[in-house]
Amino acid sequence: MMKRLNRQVTVFGSAIFCVVVFSLYLMLDHLQLDNTKSPNNGGDRLQNGQLSILQGKIDRLERLLAENNEIITNIRDSVINLKESVKDGVPGGGNMSQGPYPELLALPPLVLPIDSQDCQFAAREFSEPADGVQLLDVYDLLTFDNPDGGVWKQGFDITYQENEWDSEPLQVFVVPHSHNDPGWLKTFDDYYRDQTQHILNNMVVKLHEDSRRKMIWSEISYFSKWWDNIDGQKRDAVKSLVERGQLEITTGGWVMPDEANSHYFALIDQLLEGHQWLERNLGVKPETGWAVDPFGYSPTNAYLLKQAGLANMLIQRVHYSVKKHFASQKTLEFFWRQNWDPASSTDILCHMMPFYSYDVPHTCGPDPKICCQFDFKRLPGGRVSCPWRVPPQPITDGNVQQRVQMLLDQYRKKSKLFRTKVVMVPLGDDFRYTEALEWDQQFQNYQKLFDYMNSHPELHVKAQFGTITDYFNALRKSATDPGHTVPSLPVVSGDFFTYADRDDHYWSGYFTSRPFYKRLDRVLESHLRAAEIIYSLTLANIRRSGKRNDFPAMENYRLLTEARRNLGLFQHHDAITGTGKELVVIDYGIRPVVVYNPTEQDRTSVVTVYVNTPHVRVVTDHGRPVPAQVSAVWSEPTTASTELSFIAQVPALGLGVYLLGEAASGRAETAEYVFFRQSGELSVNVKHFTVNIHQDASTPLSIHNPHLQVWSSPITGLMERLQLKEDGSEHQIKVEFAWYGTTSNRDKSGAYLFLPDGEAKMYSPARPPVIRVTKGSVFSEITTTFDHVTHTLRLYHVQGVEGQSVEICNSVDIRGEFNREITMRLTSDVDSKDRFFTDLNGFQIQSRKTMAKLPLQANFYPMTSMAYLQDPGTRLTLLTAQSLGSASLKSGQLEVIMDRRLNQDDNRGMGQGVLDNKVTASSFRLLLEKRKLSTLSYPSLLSHVSSLYLNHPLIPMAVSTEAESRSLSPLSPLASSLPCDVHLVNLRTIQSKEGGGPSDEAALILHRKGFDCALSNRNTGLLCATTQGKIRMGKLFSELKFQSITPASLTLMHTPEKGSNQEEISLKPMEISTYRVQLT
């Protein structure tokens, strides 16, 4: 039956999985040090010994590298043993691929078959609700001035009448919290050792002392580490606190993630990891999101929380002018609705904190000088004090009346910013409640205040400790009119970027800071997803074959869990906010190369591997020659080794097998090179290749493929024009580089803030660049080597997706610069005026408007996967393989900050500049499309799939020599490509409830993308169609079947009433849905 299949799936599944997981977790481990952060209490944190932390991490890396060598050896041995143990012939089965895998994929249709009903989503119009607020309109409305608001500096004076609460008392919920960053100034482990474990240990004791005390906790990364180190008795005590409502787990993600740079795959993954841990260990289902510290907020995260089954959420770091406006309109509590939602299915109740920070001085009311006096950790004699120089007083019978009046005045003023008589007051800060003394100081003094308030009816107040969900429950009850079931609150759509906390201090710098790690993060996400999917498919086939003991499922799952958790840590708002290609090396003889396609589309793409000879030939496993090109790998502008690029055709989620070997005839074509330099001598030292050197060229340089032609300047090598061959239309698209400096004011740019010294100054190198034009059968490119950037424009000679766009790669090195940021700017003839579009988290598109009334840095926005300009006839899209900051400062312009080197701290707590720059390779695709007018703005299907291919390239693996004697054949697990607009986000094996190994179930997560039919769908090369979001599950896999399919909430916390084992599932446009599945 599965003789070859078992061999393929087991061996390749194990090999791929182990390699990517180990590279993943080892690379992630050392990233926990490079971080960025918040304004709170920064000064007293800076004495933590940055150099000693760095030295410790280096030592740890050395140990890990040694361990890695041993582990890889063990894996190799286990895979070899595994191959030997797979027996020929397993009863009761067939081959996973139906019949032999075809030599080539089917020819794609000229025009993509799109169901006409699937075009209605982007073409429809719907009106905003009467009480709706669109944040783009708010930005139009605001003047963004910053007058002194009195005690509430960024707000206004708040007044009230004493009798306002006579008929309905003020309800006050004081919510104790401790924000624990998983790595910022210290490492995760150091924070845990020094602070977090003590907070949680004290929590168990102190909450048990008084049933009226409450506490919330968010970061499961820390909570799980603590849980693993406590005994059964303490675990039972924690469970009783949860059951009694004294301890609430909020959000429940692995971390509190950044919302600007994180991709939605990683946001889902860290949320799933946290929620699955809670289900296994505490039986808790979080109801409310708590996000006090991310630097701006995305509606994507709101949607994911809603899909996970949460009902409420809280946000804090919003532009001070937006906060003031929302406060003045009493819209700080609202239903956050997705831009595409015409009804209310995506609504989630959201509370925006009104004041500057989430620390105690900025949460009890508008006057921080007063509120600080009610932060009892700052009592005289402690290590922290009030900057306003009026300390707290212990509450006594003698002062309680006066102190209550002071505090109640603040509570009343704060409540005037909201529509109900329910007010929420956070009580905490970063790493608070570490010592038992602080628990006593806060809880005992506040309880005295509450007791006095509650025992004096004439005050018309009921004050208590509460969890955040206690507060939301009271809010919902108070805001719901008689006869209604939903609170009468406004609806808000849009996002909360770009954040400014004061003056012109816009947090747009962190959209780009440390781009090396932003690129690495995306590579690791792709590898982890590939590992998850192939592990789940391998496990299902192993179970089906009855050979469970032949696959190291437990050990591999342990590593997979570790990889998930490390990637989750990297999404924390102090990690990702802060690579070069990995090429397989083919070094001798005839070697099989297995190519894995991690996407859900049958695919034709270019694969590149290193070779040690130019005399090489590539054939399929059936001996059919494959188009291939041998090129030089330029270590310097003029010296090189050798690489091989070939066109691989690989089925969706499948494996292709190619044989590479030395050959005297029928071998790969050799690339040809022409060098240009305007002045100075140029000598090129390279064997095997035809090289010409031209001096003082005056005609534009040009490369072309079946779809596109590019013209570049003969002086700079940078693009000037681009032609679409389909209709012959030609567009001016000029690429330039420029420098931003930092302001001469006291406050300067740093890891968080972008404070430029005016408009960018054009990059003018000290010496003429070396320009290299490559012409080949698989790809052609123009590469320019400047002092700080090596810039490459590449066209692939492929029909379809890979050939439809220009690949751009910038290798940036600004390590010798002082307070400079380098930007790539595209200037086109697209008449975009003051509008452009960026994506949010790779999930949705947000319209942007460049505003002259805002400072330059305020017009930069996060770009996670794409940004585009358009006019009535054309769209120009820049797809990106890493998150960076982007802007369109003039009509037709799009620019991206590539790297930042800043010599000072920006006074947001980190205590250092950005001086750890690395040589960073950033990858992009430039896509020019013809369009017709459409109502809403979504990417085209071609743009969606191009982005998918850019972020999930084919993964080549050289097969070990021990495996060469084995029969290798391609593998096609899916019966066909998924519908063009459906993305398989993940197929993630669920951990068993007992032990740390895999269960028989997996989470199948699917996303139906919204797309715009008003763009061309010709020559995409795709072998898919659209199906109105319908997927026939019985025909999804070629051989595996679904034993069960149960719809679930995003993270499997809830199982809706809908029936299970559906033969057909249906997704709405933009919907992300999760199914609990068993494969057999």
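# Worked exercises on a predicted model

Helix H16, residues 553-570, contains 18 residues, and its first and last C-alpha atoms lie 26 Å apart, close to the 26 Å expected at 1.5 Å a residue. The model is predicted, so every exercise below is about computed values.

## Exercise 1: Helix spans and burial

Compare the end-to-end reach of helices H14 and H15 with the expected span, then find how many residues of H15 and H16 are buried.

*Solution.*

Step 1. Start with H14, residues 468-479: its 12 residues should span 16 Å at 1.5 Å a residue, and its end C-alpha atoms are 16 Å apart, which agrees.

Step 2. Now take H15, which has 31 residues and reaches 45 Å from first C-alpha to last, close to the 45 Å expected.

Step 3. Turn to burial. In H16, 13 of the 18 residues are buried, and the helix is mostly covered. In H15, 30 of the 31 residues are buried, so this helix is largely enclosed by the rest of the structure.

Step 4. For H14, the buried residues can be named: Ile468, Thr469, Tyr471, Phe472, Ala474, Leu475 and Ala479. As a reminder for reading such a list, an α-helix has 3.6 residues a turn, so residues three or four places apart point the same way.

## Exercise 2: A helix pair

Determine how H12 and H13 are oriented relative to each other, and which residues make their contact.

*Solution.*

Step 1. Two packed helices are described by the angle between their axes and the distance between the axes.

Step 2. For H12 (residues 400-415) and H13 (residues 436-454), the axes come within 10 Å and cross at roughly 85°. Angles of 65 to 115 degrees count as roughly perpendicular, so H12 is roughly perpendicular to H13.

Step 3. On the H12 side the contact uses Val400, Gln401, Arg403, Val404, Leu407, Leu408 and Tyr411; H13 supplies Tyr446, Lys448, Leu449, Phe450, Tyr452 and Met453.

Step 4. Sorting this contact by class gives 10 nonpolar, 1 polar and 2 charged residues.

## Exercise 3: The nonpolar cores

Find the residues with the most contacts inside the largest nonpolar core, and look at the surroundings of Phe496.

*Solution.*

Step 1. In soluble globular proteins, nonpolar side chains tend to be buried together.

Step 2. Here the largest nonpolar core has 201 residues, and Phe223, Phe326, Tyr411 and Phe496 have the most contacts inside it. Its largest share, 9 residues, comes from H15 (residues 515-545).

Step 3. Setting aside residues up to four places away in sequence, Phe496 touches Leu135, Gly296, Tyr297, Ile315, Val318, Val322, Phe326, Phe334, Trp336 and Met352.

Step 4. There is also a second, separate core, with 36 residues, including Ala540, Val959, Leu978 and Tyr1075.

## Exercise 4: Backbone geometry

Locate the cis peptide bond at threonine 498 and the positive phi values of His460, His688 and Gly546.

*Solution.*

Step 1. Most residues other than glycine have a negative phi, and most peptide bonds are trans.

Step 2. The bond joining Phe497 and Thr498 is cis, with omega about 0°. Thr498 sits in the loop between strand E11 (491-493) and H15.

Step 3. His460 is not a glycine, yet its phi is positive, about 55°. This histidine lies in the loop between H13 and strand E10 (461-465) and is partly exposed, with a relative accessible area of 22%.

Step 4. His688 has a phi near 75°, and its place is the loop between strand E20 (672-677) and strand E21 (690-695). Gly546, just after H15, takes a positive phi of about 80°.

## Exercise 5: Distant in sequence

For Ala327 and Cys809, work out the setting of each residue and its contacts.

*Solution.*

Step 1. Ala327 belongs to helix H10 (residues 320-329) and is buried, with a relative accessible area of 3%.

Step 2. Ala327 and Leu417 are 90 residues apart in sequence but 5.2 Å apart in space, C-alpha to C-alpha. Leaving aside neighbours within four places in sequence, Ala327 is in contact with Trp152, Phe156, Leu332 and Leu417.

Step 3. Cys809 is in strand E30 (residues 806-812) and is partly exposed, at 24% relative accessible area.

Step 4. With neighbours within four places in sequence left out, Cys809 contacts Thr790, His791, Thr792, Ala921, Ser922 and Ser923. The C-alpha atoms of Cys809 and Leu793 are 6.9 Å apart, with their positions 16 residues apart in sequence.

Note on methods
Residues are numbered from 1 along each chain as its sequence is written. This is a predicted model: local features need pLDDT of at least 70, side-chain atom pairs count only at pLDDT 80 or more; totals for chains, interfaces and linings use all residues. Side-chain values use heavy atoms; hydrogens and water are left out. Axes are lines fitted to C-alpha atoms, for helices over the stretch in contact, and angles run from 0 to 180 degrees between N-to-C directions. Helices (H or I, at least four residues) and strands (E, at least two) are DSSP runs, numbered from the N terminus. Angles under 35 degrees count as roughly parallel, over 145 as roughly antiparallel, 65 to 115 as roughly perpendicular and the rest as oblique. Contact means heavy atoms within 4.5 Å. Ala, Val, Leu, Ile, Met, Phe, Trp, Tyr, Cys and Pro count as nonpolar, Asp, Glu, Lys and Arg as charged, and the others, Gly among them, as polar. A nonpolar core is a set of buried Ala, Val, Leu, Ile, Met, Phe, Trp, Tyr and Cys residues joined through side-chain atoms within 4.5 Å. Buried means under 20% relative accessible area, exposed over 50%, partly exposed in between (1.4 Å probe, protein chains only). The expected span of a helix is 1.5 Å times one less than its number of residues.
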